[in-house]
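Work through the exercises below with the sequence and the model side by side. Each task is followed by a solution that goes step by step.

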Amino acid sequence: MARALTPAAHSPLRRPLGVAVLIGVTIAHLWLTDELLEDRLGFGAQRDAMRRIEVSYVRELAVAPPPVPAAVPPKPRPRPRRAAVAKAPASAPASSVLDGAIIVKVEPLPPPPVAAPSPLAEQPVPPQAAASQPEVASSSIAASAPSGGALAAATPSPPASAAAAFDWPPSTRLSYVMTGNYRGEVQGSATVEWIRVGLRYQVHMEAIVGASFAPVLVRRASSEGELGDNGLTPRRFEGEQRVAFKSRRWAMSFDPERVRLPEGREAPSLPGVQDEASLFVQLTWLFTTQPQMLQAGRHIEVPLALPRRVEVWQYDVIGQETLQMPFGEVSTMHVKPRRLAKSSTELTAQMWFAPGLQYLPVRILVQQDADTFIDLQLQRAPQQAAER
């Protein structure tokens, strides 16, 4: 009598051909996912890799009152000019008349006192930093009145004396926990590192979907450049993305007049242009030096270099929100992008900046639509390096 076949015997996993088909379907799915991400984000060939600056983080940043921006001494008010009647010679009357007008003599004012030179102005600027500073006439960031309405004229950058006196924070690392949805529940982690050595900076971002020892997707972005009166001036950007067995890398470089995009393409540069890694720190600098910009109802414009183009992004300041973090409650200001020309396939990032944590972003919501998003929330207090 023939033995009856059990259901397990018909399982494709019991046959080599079934296993091969299953593996093939899995690889095809991961390859298709990677191709879709490539089509949406754009990739190009990698150039010489950026050399990462290594730092050690020794303390945690505690929530404190918002920092007070450096005060700019007011300009001395001009003294009013005085007029006095000229003393006439003894042989002449006290005043004389010419064509019906009294002749008077204006006494010259003493020369105004010369202000003492600022100690900051006497500090030499490294030649390599001075040579690489872009020639930017004014800030590219604009704001409107809190009542809304049409976009106002561009807001000028902080005075040079305020920018020179601005105390850039030491190197800082932000650690986030990731949740979200992309064809199912998404979990992972992310870090943002701000590294500063003198007038040089680097920003490194890394997002890992899945377990760190067996990630499904890893995306990295790095920016480096110089610090100046207009905040961050990117010089180079690098991106990398790994999905399953495929890895993509791309790079951009920045000149005062143009941005070199991946695959050799070029686009005209814009004053104050940022990349996707430097954007968060640039907004932190802006809100620290000009806290009035972080008022509900205002909106801000920032030029952003993407892998395929350079364009202006607009952000609306929504208002104050208190978030519950693992280390306590944090008061934040919610900033939401409002693209001037939004594509349905591109991602946007809402941010919550904490004035009590040096205006750092404690939450970042990356979203394509209601069903496709990644939510990053600060997992622990920011870690900082020792002051240099």
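Two rings of Phe, Tyr or Trp, with the six-membered ring taken for Trp, form a pair if their centres lie within 6.5 Å. The model used here is predicted, and the exercises begin with its confidence.

**Exercise 1. Find where the model is confident and where it is not.**

Step 1. Start with the chain as a whole, which averages a pLDDT of 73, with 60% of the residues scoring at least 70.

Step 2. Go on to the elements, where strand E4 (residues 101-102) has the lowest mean pLDDT, 36, and strand E12 (residues 258-260) has the highest, 96.

Step 3. Mark the stretches of low confidence: pLDDT stays under 50 over residues 1-46, for which the model has 56 contacts beyond four places in sequence, and it also stays under 50 over residues 85-109, for which the model has 21 such contacts. Where pLDDT is low, the predicted coordinates should not be read in detail.

**Exercise 2. Describe the overall make-up of the chain.**

Step 1. Count the secondary structure, which comes to five helices and 20 strands.

Step 2. Turn to burial, and note that buried residues make up 41% of the 388 residues in the chain.

Step 3. Consider the contacts between residues at least 6 apart in sequence, of which 56% join residues at least 24 apart.

**Exercise 3. Locate the aromatic pairs and classify two of them.**

Step 1. The structure holds three aromatic pairs. One of them joins Trp 194 and Tyr 201, with 6.2 Å from centre to centre and 20° between the planes, and this pair is stacked.

Step 2. Check the burial of both partners: Trp 194 counts as buried because its relative accessibility is 6%, and Tyr 201 is buried too, with a relative accessible area of 0%.

Step 3. Compare the geometry of Phe 287 and Phe 353, whose ring centres are 5.2 Å apart and whose planes stand at 75°, so this pair is edge-to-face. The pair links distant parts of the chain, since Phe 287 belongs to helix H5 (residues 278-289) and Phe 353 to strand E17 (residues 348-354), 66 residues apart.

Step 4. Extend the search beyond single pairs, and ring pairs are found to link Trp 168, Trp 194 and Tyr 201 into a cluster.

Step 5. Look also for a charge over a ring: Arg 363 lies over the face of Trp 352, at 4.2 Å from the ring centre.

**Exercise 4. Trace the nonpolar cores and the part that H5 plays in them.**

Step 1. In the largest nonpolar core, which has 64 residues, those that touch the most other members are Tyr 176, Trp 194, Val 203, Leu 283, Phe 287 and Val 362. The largest share of this core, seven residues, comes from H5.

Step 2. Follow Val 203 outward, leaving aside residues up to four places away in sequence, and its contacts include Val 192, Trp 194, Ala 221, Ala 277 and Val 281.

Step 3. Separate from this is a second core of five residues, among them Ile 53, Val 55, Tyr 57 and Ile 195. In soluble globular proteins, nonpolar side chains tend to be buried together.

Step 4. Return to H5, where 12 of its 12 residues are buried; these include Gln 282, Thr 284 and Thr 288 as well as Leu 283 and Phe 287.

Step 5. Finish with the span of H5, which has 12 residues and reaches 17 Å from its first C-alpha to its last, close to the 16 Å expected at 1.5 Å a residue.

Technical notes. Residues are numbered from 1 along each chain as its sequence is written. This is a predicted model: local features need pLDDT of at least 70, side-chain atom pairs count only at pLDDT 80 or more; totals for chains, interfaces and linings use all residues. Side-chain values use heavy atoms; hydrogens and water are left out. pLDDT is the predictor's confidence in each residue, from 0 to 100. Helices (H or I, at least four residues) and strands (E, at least two) are DSSP runs, numbered from the N terminus. Contact means heavy atoms within 4.5 Å. Rings of Phe, Tyr and Trp (its six-membered ring) pair if their centres lie within 6.5 Å; planes under 30 degrees apart count as stacked, over 60 as edge-to-face and the rest as tilted. Buried means under 20% relative accessible area, exposed over 50%, partly exposed in between (1.4 Å probe, protein chains only). A charge sits over a ring if NZ of Lys or CZ of Arg is within 6 Å of the ring centre and within 35 degrees of the ring normal. A nonpolar core is a set of buried Ala, Val, Leu, Ile, Met, Phe, Trp, Tyr and Cys residues joined through side-chain atoms within 4.5 Å. The expected span of a helix is 1.5 Å times one less than its number of residues.
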